[in-house]
Amino acid sequence: MRSSRRGNVDPFIVMDVMEAARAREAAGHRVIHMEVGQPGSAAPEPARTALAEALSHDPMGYTVALGIPALRARIAQLYGEWYNVDLDPARVVVTSGSSGGFVLAFSALFDAGDRVALGRPGYPSYRQILKAMDLQPVEVETTLENRYQPVPGDLEGVDYEGLLIASPGNPTGTMLDKPALSALHDAASARGAAFLSDEIYHGIEYDKPAVTALEISDDVVVINSFSKYFSMTGWRVGWLVVPDELVRQVERLAQNMFICAPHVSQLAALAAIDAREETEANLAVYSRNRDLMWEGLRTAGFDRIAPPDGAFYFYADVSHITQDSVSFAREILEEAGVAVTPGLDFDPVRGGGTLRFSYARGTDDIEEGLARLHAFMKRRGLAQG
Ligand SMILES: Cc1ncc(COP(=O)(O)O)c(C=O)c1O
């Protein structure tokens, strides 16, 4: 069968790590998972209860394309609660995870060949989805000094029709504050480019609240999801906030591409928003884990890190130790029994010298993982103390 050039996207290296970790576990070894970018916790209990109740009487047919009105209204209300932003529910579009949101947003905003600027390192699927849609990712190299977030200077001389930022970002967990976000928005607006803000890790922030792009302008596309803070990765439900004038275009695309996001997941998501006690308890675990990781990674010798403000990742520069992060991650898995992600997924250029550590799991696992990493690095004479 023939196959398309645009469909020839790169695999996710983290999947290979997950498979190697699985094989090790199948061989009877205990593996500490610092590779997986998802919460270890289930969807909040009220979400599961609401769904069980609805299943007994609701046939779960299609919903309207933009999402169940009560969910759109509740998401809009969340913007008042989290950011003091007054948001019209008519601008909220419920999607199949933020991944479905990207496909809708890119289709609504861009034509084939358009260029979309992104910071590197960044979430790998941005690049791959863009390529698969005949759009051109334009990667902008960021620096450890700028905490791996783009600044307007990085965009000078770059030609683009869209700018996609992520705060907190994956793999770094670093955030853009209001002036930094504003400056990037100004740079994009000055050339008539669309501004897209991936806010999927909002809610998982530690010392200061994350800023939504909607605090800066209504002329933005915000992408968010129930996957992370609400601990609902496999439920495939997320949302977009789009400018008024784009709603109808997104609706027409959603009708044709997806019909609707999963009905069951929309009902569960609606209940999850009010499960604050549980989602905040999860956050408290991440927060404790982050403190342990900040200390533990540095004493183990992984000390070239931008302190993360949110999400559940640390991104370490290990280029003084290796230029082959894939082999290094394999050695860590085989010798220390800790699965970590090589940076190449996030940065095809410099990722041979970086690793991502996730701390989304329970604190016991994090403590044991750090002890193992420390012993591993000590054997190599790289640990401090
Ligand atoms: C930055 C970022 N954006 C988007 C996604 C996709 O998430 P989902 O489709 O589950 O909402 C992820 C998943 O890890 C991510 O890290």
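Is Asp10 buried, partly exposed or exposed? In this predicted model, Asp10 counts as partly exposed, because its relative accessible area is 42%, a value that falls between the 20% limit for buried and the 50% limit for exposed. Let us start from this residue and follow the charged side chains through the structure.

Asp10 has a partner: its side chain forms a salt bridge with Lys131, and the closest N and O atoms are 3.8 Å apart. This pair links distant parts of the chain, with Asp10 in the segment before helix H1 (13–26) and Lys131 in helix H5 (residues 124–132), 121 residues apart. Lys131 is partly exposed as well, with a relative accessible area of 32%.

How many salt bridges does a search of the whole structure find? The search gives 28, and a few more of them are worth a visit. Take Arg191 and Asp159, whose salt bridge has its closest N and O atoms 2.7 Å apart. Arg191 sits in the loop between helix H7 (178–190) and strand S6 (194–198), while Asp159 sits in the loop between helix H6 (152–155) and strand S5 (162–166), so this bridge ties together parts that are 32 residues apart in sequence. Arg191 is partly exposed, at 35% relative accessible area, and Asp159 is partly exposed, at 40%.

Another salt bridge can be found inside a helix. Here the side chains of Glu295 and Arg298 meet at 3.5 Å, N to O. Both belong to helix H10 (residues 276–300), and because they are three residues apart there, about one helical turn separates them. Glu295 is partly exposed at 46% relative accessibility, and Arg298 is partly exposed with a relative accessible area of 27%.

Some charged residues join up in a group. Arg120, Arg127, Glu139, Glu141, Asp347 and Arg350 are linked in a network of salt bridges. One member to look for is Asp347, in the loop between strand S11 (341–342) and strand S12 (354–358). Asp347 counts as buried because its relative accessibility is 1%, and the cut-off for buried is under 20%. As a guide to where this residue lies, Asp347 and Asp177 are 170 residues apart in sequence and 23 Å apart in space, C-alpha to C-alpha.

Now for a buried charge of another kind. Which side chain of opposite charge is nearest to buried Glu205? That side chain is Arg276, at 8.9 Å, and Glu205 has no salt bridge. Glu205 lies in the loop between S6 and strand S7 (221–225). Its side chain does reach the backbone: the nitrogen of Gly203 is 2.9 Å away, and the backbone nitrogen of Ala210 is reached at 3.5 Å.

Our last stop is on the surface. Which residues form a negative surface patch? They are Asp86, Asp88, Asp219, Asp244 and Glu245. To find one of them, look for Glu245 in the loop between strand S8 (238–241) and helix H8 (247–257). Glu245 counts as exposed because its relative accessibility is 62%, and exposed means over 50%.

Definitions and conventions:
Residues are numbered from 1 along each chain as its sequence is written. This is a predicted model: local features need pLDDT of at least 70, side-chain atom pairs count only at pLDDT 80 or more; totals for chains, interfaces and linings use all residues. Side-chain values use heavy atoms; hydrogens and water are left out. Patches are made of residues with over 30% relative accessible area and no salt bridge: like charges are joined within 9 Å, nonpolar side chains (Val, Leu, Ile, Met, Phe, Trp, Tyr) within 5 Å. Accessible areas come from the Shrake-Rupley method with a 1.4 Å probe; for residues, only the protein chains shown count as cover. A salt bridge is a side-chain nitrogen of Lys or Arg within 4 Å of a carboxyl oxygen of Asp or Glu. Lys and Arg count as positive and Asp and Glu as negative; His and the chain ends are not counted. The place of a charge is taken as NZ of Lys, CZ of Arg, CG of Asp or CD of Glu. Helices (H or I, at least four residues) and strands (E, at least two) are DSSP runs, numbered from the N terminus. Buried means under 20% relative accessible area, exposed over 50%, partly exposed in between (1.4 Å probe, protein chains only). A polar contact is a pair of N or O atoms within 3.5 Å; within protein, one must be able to donate a hydrogen and the other to accept it, and residues adjacent in sequence count only if both atoms are side-chain atoms.
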